[in-house]
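Work through the exercises below with the sequence and the model open beside you. Try each task before you read its solution.

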Amino acid sequence: MKFFIDTANLDQIKEAKDLGILDGVTTNPSLMAKEGITGTNNILKHYKSICDLVDGPVSAEVISTDFKGMIDEGRRLADLAENIVVKVPMIKDGVKALSWFHANEISTNCTLIFSAGQAILAAKAGATFLSPFIGRIDDMSWDGIDLIKQIVEIYGIQGWDTQILAASIRTPLHIVQAAQAGADVVTCPLSAILGLLKHPLTDLGLQQFLDDHAKANANHIIKK
Ligand code: E4P
């Protein structure tokens, strides 16, 4: 399973990259706004900075909701860097745009996926990635991981190669469950990635090793 970071924050992207586990980045208009990036030129410049930082796919979302607007925006985004993936919402014109991008060899990420039916349409339209929103489904007291399992099963049966990108990840447990369910990619905030590190027995065990080493070393110095 590939690891993407779900942020437009350059420091967080660098921190995840330094761990050596980063395969790509996803952003959305809310994440760009959170970083205070406004105006078309600044937004394009920021995407370029992210693409210069990471080698893997960088999802950049279109703002248009009509076919022509999505194509124009997507082409401009794709021209920025080779690793740009045009993020397209699951709406009627979005499906049409996914088909157009597929025919024109531009990578896409179909976003705002909440059902298996939507996942089927996106795969048929040739989406490169598909983003089911696990956390937002859980927020409605449904089961986001169940949707991942269902899509993994359908894509397996049909032999479709659209990559399932588990999105809207909120916790380290979501990451573990997405891996277990067979997601191809998980995109998560840095906090969820770092949360995977945590176990009290690791901290206690390490402290004990360091204490034992320090004691043994102190005796060694005294004996000398
Ligand atoms: C990623 O592609 C999505 O835009 C993102 O994961 C949404 O996450 P959220 O539900 O935490 O906003």
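The exercises that follow deal with the ligand, a helix end, two residues and a surface patch.

This is a predicted model, in which local features need pLDDT of at least 70 and side-chain atom pairs count only at pLDDT 80 or more, while totals for chains, interfaces and linings use all residues. Residues are numbered from 1 along each chain as its sequence is written, and side-chain values use heavy atoms, with hydrogens and water left out.

**Exercise 1.** Find the residues that surround the ligand, and state how far a polar side-chain atom of Lys 87 lies from a ligand oxygen.

*Solution.* Begin with the residues around the ligand, which are Asp 6, Thr 26, Asn 28, Lys 87, Phe 133, Arg 136, Ala 167, Ser 168 and Arg 170, where being near requires a heavy atom within 4 Å of the molecule. Next, look at the polar side-chain atoms: one of Lys 87 lies 2.6 Å from an oxygen atom of the ligand, one of Asn 28 lies 2.7 Å from a ligand oxygen, and one of Arg 170 lies 3.0 Å from a ligand oxygen. Finally, the protein covers 85% of the 340 Å² of accessible area that the ligand has on its own (Shrake-Rupley method with a 1.4 Å probe; for residues, only the protein chains shown count as cover).

**Exercise 2.** Determine which residue caps the N-terminal end of helix α1.

*Solution.* Helix α1 covers residues 10-18, helices being DSSP runs of H or I with at least four residues and strands runs of E with at least two, numbered from the N terminus. The capping residue is Asn 9, which has a side-chain oxygen 3.0 Å from the backbone nitrogen of Asp 11. After α1 comes Gly 20, with a positive phi near 80 degrees.

**Exercise 3.** Decide whether Thr 111 is buried or exposed, and do likewise for Ala 127.

*Solution.* Thr 111 sits in strand β5 (residues 108-113), and it is buried because its relative accessible area is 1% (buried means under 20%, exposed over 50%, partly exposed in between, with a 1.4 Å probe and protein chains only). Leaving out residues up to four places away in sequence, Thr 111 touches several residues, including Lys 87 and Phe 133 (contact means heavy atoms within 4.5 Å). Ala 127 belongs to the loop between α6 (116-124) and β6 (129-132), and with a relative accessible area of 3% Ala 127 is buried.

**Exercise 4.** Locate Leu 196 and classify its exposure.

*Solution.* Leu 196 is in the loop between α10 (190-195) and α11 (200-223), and its 37% relative accessibility makes it partly exposed.

Conventions: A polar contact is a pair of N or O atoms within 3.5 Å; within protein, one must be able to donate a hydrogen and the other to accept it, and residues adjacent in sequence count only if both atoms are side-chain atoms.
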